[in-house]
Amino acid sequence: MTPTPAPAPGEAPAAPARERAARLLLAAFAVATAVDLIALLAGTDLVHTVAKPLLMPLLAASVVARGGPRLLTASLLFGWGGDLLLLFDADVAFLAGMGSFAAGHVCYLALFKRAGTPRARGGLLAAAYGIALVTTVALLWPDLPADMRGPVAGYSLLLTAMAYGSSRMGRTAGWGGALFLLSDTLIATGVADWPQLPRPDFWVMLTYVAAQYLLARGVLGHPLDARATPVAAYREKRTTTS
């Protein structure tokens, strides 16, 4: 019989049944992701419309099954809300979707604060992200619709803060934050009507799904401040004493 792997640091211990459920949900997430990306490459909008709304709920459910932090689940579900809203081709839906993603970034930032002090050389990384933010907004600004400039600039600031903060969770989450920034920058270039790569929606979804997966994996594998996670700490104590 194959032994159940030990939980990662900062992750609540999972019973064998819950661990199996988490693996099945993650496998379903991988299948749904593959279907969605193939549909985008093939230009099959109907399949994309069906597959895209399945992605974040499956990933969030796998996080819940592994006893992950509630803020992580909330971040993924806010991402799901943004995914649904961006399926509609309307400015109001785009702005509402941006707001839903922004709420997810706020949850991520609150979660990252539990990771302790920033990592070494954080100042250099902060400077790099700051330069990227200023440069990107400055280049996009003239080509953005007037009513989108303020929201895009504000969202970009929050997104960049999230991407930088993700580095406190280690390399895996840090790469997730960077890919999230790249994904949304690709969306912004489309709003600004810049030249796009072939099948731009494919590249947006590829980087976005990879970002959310890496963020979730990085958070689950990183120790959090026990004082800020009473539920997880209680579960761990109860399991080790029973």
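This report describes the nonpolar core, the aromatic pairs and one proline of a predicted model.

## The nonpolar core

The largest nonpolar core of the predicted model comprises 44 residues. Within this core, the residues with the most contacts are Leu72, Leu76 and Phe180. At least two core residues come from each of the helices α1 (16-42), α2, α3 (70-85), α4 (91-112), α5 (122-140), α6 (146-166), α7 (171-191) and α8 (200-220). Helix α8 gives the most, with 9 residues.

## Phenylalanine 180 and its surroundings

Phenylalanine 180 has a relative accessibility of 1%; because this value is under 20%, the residue counts as buried. Leaving aside residues up to four places away in sequence, phenylalanine 180 touches Phe101, His105, Tyr155, Leu159, Met162, Tyr208, Ala211, Gln212 and Leu215.

Two of the names in that list return in the ring pairs: Phe101, Phe180 and Tyr208 are linked by such pairs into a cluster.

## Aromatic pairs

The structure contains 6 aromatic pairs. One of them is formed by phenylalanine 101 and phenylalanine 180, whose ring centres are 6.3 Å apart. The planes of these two rings stand at 80°, and the pair is edge-to-face. This pair links distant parts of the chain, since phenylalanine 101 belongs to helix α4 and phenylalanine 180 to helix α7, with their positions 79 residues apart in sequence. Phenylalanine 101, at 8% relative accessibility, also counts as buried, because the limit is 20%.

A further pair consists of tyrosine 108 and phenylalanine 112. Their ring centres lie 5.7 Å apart and their planes meet at 20°; planes under 30 degrees apart count as stacked, so this pair is stacked. Both residues lie in helix α4, 4 residues apart, which is about one turn of the helix. Tyrosine 108 is buried, with a relative accessible area of 1%, and phenylalanine 112 likewise counts as buried, at 1% relative accessibility.

## Proline 57

Proline 57 is located in helix α2, which spans residues 45-65. Its relative accessible area is 24%, a value between the limits of 20% and 50%, and proline 57 is therefore partly exposed.

In sequence, proline 57 and glycine 81 are 24 residues apart. In space, the distance between the two residues is 10.0 Å, taken from C-alpha to C-alpha.

Definitions and conventions. Residues are numbered from 1 along each chain as its sequence is written. This is a predicted model: local features need pLDDT of at least 70, side-chain atom pairs count only at pLDDT 80 or more; totals for chains, interfaces and linings use all residues. Side-chain values use heavy atoms; hydrogens and water are left out. Buried means under 20% relative accessible area, exposed over 50%, partly exposed in between (1.4 Å probe, protein chains only). A nonpolar core is a set of buried Ala, Val, Leu, Ile, Met, Phe, Trp, Tyr and Cys residues joined through side-chain atoms within 4.5 Å. Contact means heavy atoms within 4.5 Å. Rings of Phe, Tyr and Trp (its six-membered ring) pair if their centres lie within 6.5 Å; planes under 30 degrees apart count as stacked, over 60 as edge-to-face and the rest as tilted.
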